[in-house]
Amino acid sequence: IKCGSDQIPGSIYRGYEAIAYAAKLGADVISCSWGGGAPSAAEADVIAQATAMGSLVVAASGNDALDNDNFGH
């Protein structure tokens, strides 16, 4: 499910809705290879819902050569 914007390169459009939609469709793995700031409650909720539905949600390790965990389930 594509949630990157064609109009604004590097931006994500409705990423959380895309995670929920993929889980609803029965996705085994949902890859979220986008960056961002600190995790939010909405992010935690949608990932918890997706994993409860049987999807494994994975994310990029980062592109800034830093060793920092932002979110884990």
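Where in the chain does A27 lie? In this predicted model, A27 is placed in the loop between α1 and β1, and that loop is a convenient point from which to survey the rest of the fold. The chain has two helices and two strands, and read along the sequence these elements follow the pattern α-β-α-β. Of the 73 residues of the chain, 21% count as buried. A27 itself counts as partly exposed, because its relative accessibility is 22%, whereas a residue is called buried under 20%. Although A27 and G54 are 27 residues apart in sequence, their C-alpha atoms are 8.0 Å apart in space.

From the loop that holds A27 the chain continues to strand β1, which comprises residues 29-32. In a regular strand the side chains alternate between the two faces of the sheet. The side chains of β1 do alternate, with I30 and C32 pointing to one face, where they are buried, and V29 and S31 pointing to the other, where they are not. The partner of β1 is strand β2, residues 56-59, and the two pair in the parallel sense over four bridges. One detail of that pairing can be followed at the level of single residues, since the bridge partner of V29 in β2 is L56.

Helix α2, residues 41-52, can be checked for regularity by comparing its expected span with its end-to-end distance. At 1.5 Å a residue, its twelve residues should span 16 Å, and because the end C-alpha atoms are 16 Å apart, the model agrees with that expectation. The expected span is taken as 1.5 Å times one less than the number of residues, a point to keep in mind when repeating the arithmetic. Which residues of α2 are buried? They are E43, V46, I47 and A50, and because they cover an arc of only 100° around the axis, they lie on the same side of α2. The face turned away from this buried side carries the exposed residues A41 and A52.

Two further residue pairs relate α2 to residues earlier in the sequence. E17, found in helix α1, and V46, one of the buried residues of α2, are 29 residues apart in sequence, yet 8.2 Å separates them in space, C-alpha to C-alpha. Q49, which is also found in α2, is 26 residues from A23 in sequence and 8.3 Å from A23 in space, again C-alpha to C-alpha. Whereas V46 is buried, Q49 is classed as partly exposed because its relative accessible area is 49%, and the limit above which a residue is called exposed is 50%.

How many salt bridges does a search of the whole structure find? The search finds two. Side chains of opposite charge can pair when their charged atoms come close. In one of the salt bridges, K2 is joined to D6, and the closest N and O atoms are 2.4 Å apart. K2 counts as exposed because its relative accessible area is 61%, and D6 is likewise exposed, with a relative accessibility of 58%. In the other, the side chains of R14 and E17 meet at 3.9 Å, N to O, a value to be read against the 4 Å cut-off used for a salt bridge. R14 is partly exposed, given a relative accessible area of 48%, and E17 is partly exposed as well, at 43% relative accessibility.

R14 deserves a second look for its backbone. R14 is placed in the segment before α1, and its phi is near 60°, a positive value in a residue other than glycine.

The surface also has a nonpolar feature to which α1 contributes. I1, Y21 and L25 make a nonpolar surface patch of about 350 Å², and of these Y21 is found in helix α1, which covers residues 15-24. Because its relative accessibility is 46%, Y21 counts as partly exposed. Helix α1 therefore holds both Y21, a member of the nonpolar patch, and E17, the salt-bridge partner of R14, with both residues counted as partly exposed on account of their accessibilities of 46% and 43%.

Conventions: Residues are numbered from 1 along each chain as its sequence is written. This is a predicted model: local features need pLDDT of at least 70, side-chain atom pairs count only at pLDDT 80 or more; totals for chains, interfaces and linings use all residues. Side-chain values use heavy atoms; hydrogens and water are left out. Buried means under 20% relative accessible area, exposed over 50%, partly exposed in between (1.4 Å probe, protein chains only). Two strands pair if DSSP finds at least two bridges between them. Patches are made of residues with over 30% relative accessible area and no salt bridge: like charges are joined within 9 Å, nonpolar side chains (Val, Leu, Ile, Met, Phe, Trp, Tyr) within 5 Å. Accessible areas come from the Shrake-Rupley method with a 1.4 Å probe; for residues, only the protein chains shown count as cover. The arc is that of the directions from the helix axis to the C-beta atoms.
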